[in-house]
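Dear colleague,

I am passing on the structure below, and I would be glad if you could keep it open while you read the notes that come after it.

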Amino acid sequence: MVRTVIARLLLVVGFAILRVGVSRAADFYVAPTGAAGGDGSFEIPWSLSTALSQPPSVRPGDTIWIRGGSYRGTFVSRLNGSPDAPIVVRQFPGERATLDGGDSGMANILSVSGSYTWYRDFEITSSDPNRVSHQSGPGPTDIARGGGVATVQTPETGPGLKFINLVVHDTAGGFGLWKEATDVEVSGCIVSNNGWVGPDRGHGHGFYIQNLSGTKRIADNVIFANFSHGIQAYGSQAADIDNITIAGNTIFDNGLGPDYERNVLIGGDSIARNPRIEENVLYYPAENGQNLNVGYDPYGAGAQNAVVTGNYVVNGQSLFNPLNTNETVTGNAFYSSENESSPVHFPSNLYSTSVPGAPVVFIRPNRYETGRANITVVNWSRAAGVPVDIGSLLPLGAAYSVVNAQNFFGAPVARGVYGGAPILLPMTDATAAAPVGYPAPAATGTAFQVFVLLPETAARPRVEPSLRHRPNPRRLDE
């Protein structure tokens with residue numbers, strides 16, 4: 001009898017262990033019509049604010065799917081995943097979810113605290129048409145559009161935040177990433193047309209970054225036409241701008257043309273330690289504007305242990321503060337007559353005022369979506385179309401579309417099924433999307449284009465019919 005009871009207990013315990021072992025993360029849902037009283041299921045979704053406050057049923061490893069539509073207002077996320085099981089907040093496949101801050105009184109549209117949470121695929125913008133201030137400086141009171149994404153400057157903000165394939169445009173400033181958030185990554189995003197105009201100049205950056213411990217990695221994004229800087233890693237003597245990596249991005253035409261500002265600035269009134277600027281394409285259509293400024297020359301305290309390598313820099317200035325120490329500047333190509341990065345100081349680079357005779361193509365595969373990639377074409381020959389080999393990105397028979405990064409939500413410029421031959425990307429008739437409340441900038445035209453290759457099919461989340469109607473379902477492996 002005792003043996004039978006023990007055997008039954010072992011069987012029950014073993015079955016419980018088996019269920020725990022096969023348990024998988026849960027899917028939850030939000031919708032524009034969702035409510036705090038929902039249960040997060042497909043049929044009775046939460047409001048976005050409710051989901052971002054992390055209801056008790058949301059645990060590390062879960063996914064919060066954002067259904068298509070417009071979410072008006074401002075939002076604060078307090079989600080906490082874990083290092084091996086981040087929470088994912090993601091746009092539902094095949095739909096377009098937009099966080100629209102509108103007239104938010106300069107409040108950030110998405111404020112992020114918490115930790116180990118990934119934000120993916122959705123759009124952040126402001127539809128407020130007021131884009132011109134009558135006040136100089138960075139804090140006008142007659143402009144109400146808020147920043148796009150900002151990490152919260154309190155101890156509740158922790159490590160492991162990722163922002164993946166977001167489209168952030170027409171906000172006061174695209175990303176504000178502050179020192180409290182450590183080990184942050186921004187990857188595959190389109191960041192454009194952020195800022196406003198004052199009587200003094202354009203204001204608002206694609207990225208404003210500070211960092212003390214851990215790292216911040218800005219990689220494989222397309223950053224352009226922001227009203228001031230593309231990336232500004234800057235601070236006062238009391239600020240920290242250490243351990244920032246900028247890699248594989250295409251950054252162009254930032255600042256209001258023709259009085260362009262800077263595509264990339266790392267430096268301020270404190271020393272910028274250990275910056276890495278690697279394999280980016282930096283472009284201005286003419287010599288005005290600073291493509292690159294390392295150490296905030298001539299005003300700042302300089303940089304220490306900077307690594308600048310593998311970048312392709314077209315037009316504009318590239319400045320290195322003489323206070324910089326222990327610099328590595330190698331393997332870059334500078335096509336400009338305005339370089340202060342001269343062969344005397346940094347001989348292991350290409351310097352040229354003449355241009356190649358054929359187009360140069362850069363392909364950056366997306367780290368988080370198979371088949372997606374950014375394709376940058378510097379079209380030196382002004383060819384009407386440029387062939388691009390995508391064989392390393394897609395299998396034979398895969399359907400794809402290609403969109404112009406300067407008009408990401410516009411019609412594809414190419415679409416087809418990959419048959420093994422290079423695809424032809426058109427370099428003419430590309431129109432840039434107009435900023436909200438401000439005239440459209442001139443498109444880069446045949447000289448320079450950036451495209452995004454998108455796979456036509458994407459895996460949708462699995463929602464088993466037997467579980468869909470249960471509140472907060474947790475999935476089990478079959």
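The notes below cover the two sheets and then one histidine.

This is a predicted model, in which local features need pLDDT of at least 70 and side-chain atom pairs count only at pLDDT 80 or more, while totals for chains, interfaces and linings use all residues. Residues are numbered from 1 along each chain as its sequence is written, and side-chain values use heavy atoms, with hydrogens and water left out.

An open sheet is formed by 11 strands (DSSP runs of E, at least two residues, numbered from the N terminus) in the order 3-6-9-12-15-20-23-27-31-34-35, and the pairing (at least two DSSP bridges between two strands) is parallel. Strand 3 (69-72) and strand 35 (350-352) are at its edges with a single partner strand each, so one side of each has no neighbour in the sheet. Within this sheet, strand 6 (residues 97-100) pairs with strand 9 (residues 123-125) over 3 bridges in the parallel sense, and L99 has I124 as its bridge partner in strand 9.

A further open sheet, also with parallel pairing, has 9 strands in the order 4-7-10-13-18-21-24-28-32; its edge strands, strand 4 (75-77) and strand 32 (317-320), each pair on one side only. Strand 7 (residues 110-112) runs parallel to strand 10 (residues 149-151), the two being joined by 3 bridges, and V112 is partnered by T151 of strand 10.

H203, which lies in strand 17 (residues 202-203), is buried (under 20% relative accessible area, 1.4 Å probe, protein chains only) at 3%. Its contacts (heavy atoms within 4.5 Å), not counting residues up to four places away in sequence, include W196 and F227.

Best regards

Technical notes: Helices (H or I, at least four residues) and strands (E, at least two) are DSSP runs, numbered from the N terminus. Buried means under 20% relative accessible area, exposed over 50%, partly exposed in between (1.4 Å probe, protein chains only).
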